[in-house]
Amino acid sequence: MEHEHLHKLVESIFTVHSDENEIDCEGCGCQIDRLAEMVAKGADLRELLPAVEAHLRCCADCREEFEALVAIIRSQDVADPLA
Ligand SMILES: [Zn+2]
């Protein structure tokens, strides 16, 4: 039990530090607008910016903001064709 916990801890530390392009919420927020736009148009975030994708996976705040933006952009793209 104790051992398993330690292993997970070491693993998480290693994973974080193995990513040289690691970004924080601030760095993520700077890119989120244009990234949401590209993803809404069908781009693959993991190919565009793996560091941001990795951050979104472990940060609920940024992920929610990102997904909300994608949803907004998508709904604008299919704006009323009769307008
Ligand atoms: Zn974040």
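**Group meeting: a five-helix chain**

Good morning. I begin with one residue: Pro50 is exposed, because 12 other C-beta atoms lie within 10 Å, and a residue with 12 or fewer counts as exposed. I should say at once that the model before you is predicted.

Where does Pro50 sit? Its place is in helix α4. Along the sequence, Pro50 and Glu22 are separated by 28 residues, while in space their C-alpha atoms are 9.2 Å apart.

Let me now turn to the chain as a whole. It contains five helices and zero strands, so that its pattern, read along the sequence, is α-α-α-α-α. The chain has 83 residues, of which 11% count as buried. As for contacts with a separation of 6 or more, 64% are accounted for by residues 24 or more positions apart.

Which residues make up the largest nonpolar core? There are eight in all: Cys28, Ile32, Leu35, Ala36, Val52, Leu56, Cys62 and Phe66. At least two residues of this core come from each of three helices, namely α2 (25-40), α4 (50-58) and α5 (60-77). Helix α2 gives the most, with four residues. Helix α4, then, which holds the exposed Pro50, also supplies residues to this core.

I close with one member of the core, Cys28. What does Cys28 touch, if residues up to four places away in sequence are not counted? The residues are Ile23, Val52, His55 and Cys62. Two of these, Val52 and Cys62, are themselves listed in the largest nonpolar core. Thank you for your attention.

Key. Residues numbered from 1 in each chain as written. Predicted model: local features only at pLDDT ≥ 70, side-chain atom pairs only at ≥ 80, totals over all residues. Core = buried A, V, L, I, M, F, W, Y, C linked by C-beta atoms within 7 Å. Buried ≥ 20, exposed ≤ 12 C-beta atoms within 10 Å, placed from the backbone. Contact = placed C-beta atoms within 7 Å.
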